[in-house]
Every structure is written in C-alpha cells, then in structure tokens.
Amino acid sequence: MQLNQSIISDIKSIIAQLKDRAIRAVDHQRTLMYWHIGKRIFEEEQEGKDRADYGKYLIKYLSEQLQPEFGSGFSKRQIELFRQFYRVFPIANALRTKLSWTQYKLLLSVESEGEKMTNNRLIKRIKEGVKKLKSE
C-alpha cells in the first residue's frame with residue numbers, strides 16, 4: 001500500500017495553524033480578563049472617599065488576597081497595570097485580537113512615559129520589546 005507523502009506535511013500544517021490560533025485566542029481572553037479586572041478596580045476606587053490612599057490600599061489588598069491562589073501574575077505591579085490598562089483603553093470592543101498582553105504592556109509603558117510616537121515607531125518599539133522578552 002502506498003501512501004500520499006503530502007499527508008504528513010498537510011497534517012503538520014493544520015496542527016501548527018490551529019495551535020497558533022488557540023494560543024492567540026487564549027491570550028486575547030487573558031487580555032480581556034485583565035481589562036475587566038482593571039475596570040472593576042477603577043469602579044471600586046471611584047466609590048472610595050480618599051481615592052489616592054484608597055487606591056494604594058486596594059491594590060495592595062487585592063495582591064495579598066489573589067497572589068497566593070493565582071501566583072505572581074497578581075502582584076501589586078501587575079494589578080496596577082490592569083487598572084492602568086482599563087484607564088488607557090476604556091472600550092473593551094476596541095481591544096485588538098492581534099495584540100498580545102505583552103504588546104499592550106509595552107503600549108502602557110509608552111503611555112506612562114508620556115512619549116508621543118508615530119504608528120511606525122510604536123510598532124518598531126513593540127517588535128523590539130517582544131524580541132527582548134523572547135530572548136530572556
């Protein structure tokens with residue numbers, strides 16, 4: 001019995017394509033989760049009387065409660081990023097499925113540095129940041 005040898009390469013291609021799609025879908029859902037967490041924190045802060053002090057306390061408290069169960073992804077710094085993420089990108093439907101959480105974090109760092117960049121410079125910076133993260 002003779003098999004068509006292209007079947008192996010076809011199946012490998014299908015696996016690679018769908019595996020990549022699955023990874024992007026999971027990453028997008030993670031990004032949406034962080035956005036929703038940021039939104040909830042922001043809403044809670046708006047009800048606090050002394051917002052600056054309450055915000056610091058809230059972030060610390062959330063980290064202390066979430067980190068033991070969910071790990072370092074819920075450190076104080078990460079939770080601050082979730083809040084900043086919502087404030088910079090307040091419309092969930094406007095989030096791009098092609099951008100990963102890593103790329104959004106780079107955008108947030110650009111925003112917090114107060115830099116004004118053209119799209120080309122911003123894309124270049126994102127690519128550099130992703131390369132750097134991959135090499136670490």
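The exercises below work through the helices, salt bridges and aromatic pairs of a predicted model.

Residues are numbered from 1 along each chain as its sequence is written. In this predicted model, local features need pLDDT of at least 70 and side-chain atom pairs count only at pLDDT 80 or more, while totals for chains, interfaces and linings use all residues, and side-chain values use heavy atoms, with hydrogens and water left out.

**Exercise 1. The overall fold**

Describe the secondary structure, the burial and the contacts of the protein.

*Solution.*
- Start with the elements, where helices (H or I, at least four residues) and strands (E, at least two) are DSSP runs numbered from the N terminus. The protein has 5 helices and 0 strands, giving the pattern α-α-α-α-α along the sequence.
- Next comes burial: buried means under 20% relative accessible area, exposed over 50%, and partly exposed in between, with a 1.4 Å probe and protein chains only. Of the 136 residues, 27% are buried.
- Then look at contacts (heavy atoms within 4.5 Å). Among those with a separation of 6 or more, 45% join residues 24 or more positions apart.
- Finish with the surface, computed by the Shrake-Rupley method with a 1.4 Å probe. The protein exposes about 10,300 Å², and carbon and sulfur atoms supply 54% of that area.

**Exercise 2. The span of helix H1**

Check the end-to-end distance of helix H1 against its expected span.

*Solution.*
- Take the rule: the expected span is 1.5 Å times one less than the number of residues.
- Apply it to H1, residues 6–47: its 42 residues should span 62 Å.
- Compare: the end C-alpha atoms are 62 Å apart, which agrees.
- To see which side chains of H1 are covered, list its buried residues, including Asp-27, Tyr-34, Trp-35 and Glu-45.

**Exercise 3. Salt bridges within and between helices**

Sort three salt bridges by where their partners lie: Asp-27 with Arg-30, Glu-80 with Arg-77, and Glu-45 with Arg-83.

*Solution.*
- Set the criterion: a side-chain nitrogen of Lys or Arg lies within 4 Å of a carboxyl oxygen of Asp or Glu. By this rule there are 7 salt bridges.
- Take Asp-27 and Arg-30, whose closest N and O atoms are 2.6 Å apart. They are 3 residues apart in helix H1, so about one helical turn separates them. Asp-27 is buried at 15% relative accessibility, whereas Arg-30 is partly exposed at 32%.
- Recall the helix geometry: an α-helix has 3.6 residues a turn, so residues three or four places apart point the same way.
- Glu-80 and Arg-77 meet at 3.8 Å, N to O. This pair, too, is 3 residues apart, here in helix H3, and separated by about one helical turn. Glu-80 is partly exposed at 26%, and Arg-77 is partly exposed at 48%.
- Now take Glu-45 and Arg-83, with closest N and O atoms 2.4 Å apart. Glu-45 lies in H1 and Arg-83 in H3, so the pair ties together parts 38 residues apart in sequence. Both Glu-45 and Arg-83 are buried.

**Exercise 4. Aromatic pairs and the place of Phe-89**

Classify the ring pairs Tyr-34 with Phe-74 and Phe-89 with Tyr-104, then describe the surroundings of Phe-89.

*Solution.*
- Fix the cut-offs: rings of Phe, Tyr and Trp (its six-membered ring) pair if their centres lie within 6.5 Å; planes under 30 degrees apart count as stacked, over 60 as edge-to-face and the rest as tilted. The structure holds 13 aromatic pairs.
- For Tyr-34 and Phe-74, the centres are 6.5 Å apart and the planes at 80°, so the pair is edge-to-face. Tyr-34 sits in H1 and Phe-74 in the loop between helix H2 (51–70) and H3, 40 residues apart. Tyr-34 and Phe-74 are both buried.
- Phe-89 and Tyr-104 are also edge-to-face, at 5.2 Å centre to centre and 80° between the planes. Phe-89 lies in the loop between H3 and H4 and Tyr-104 in helix H4, so this pair ties together parts 15 residues apart in sequence.
- Compare their burial: Phe-89 is partly exposed at 22%, while Tyr-104 is buried at 2%.
- Add the neighbours: leaving out residues up to four places away in sequence, Phe-89 touches Trp-35, Leu-95, Tyr-104, Leu-107 and Leu-108.
- Put the rings together: Tyr-34, Phe-74, Phe-89 and Tyr-104 are among the members of one aromatic cluster.
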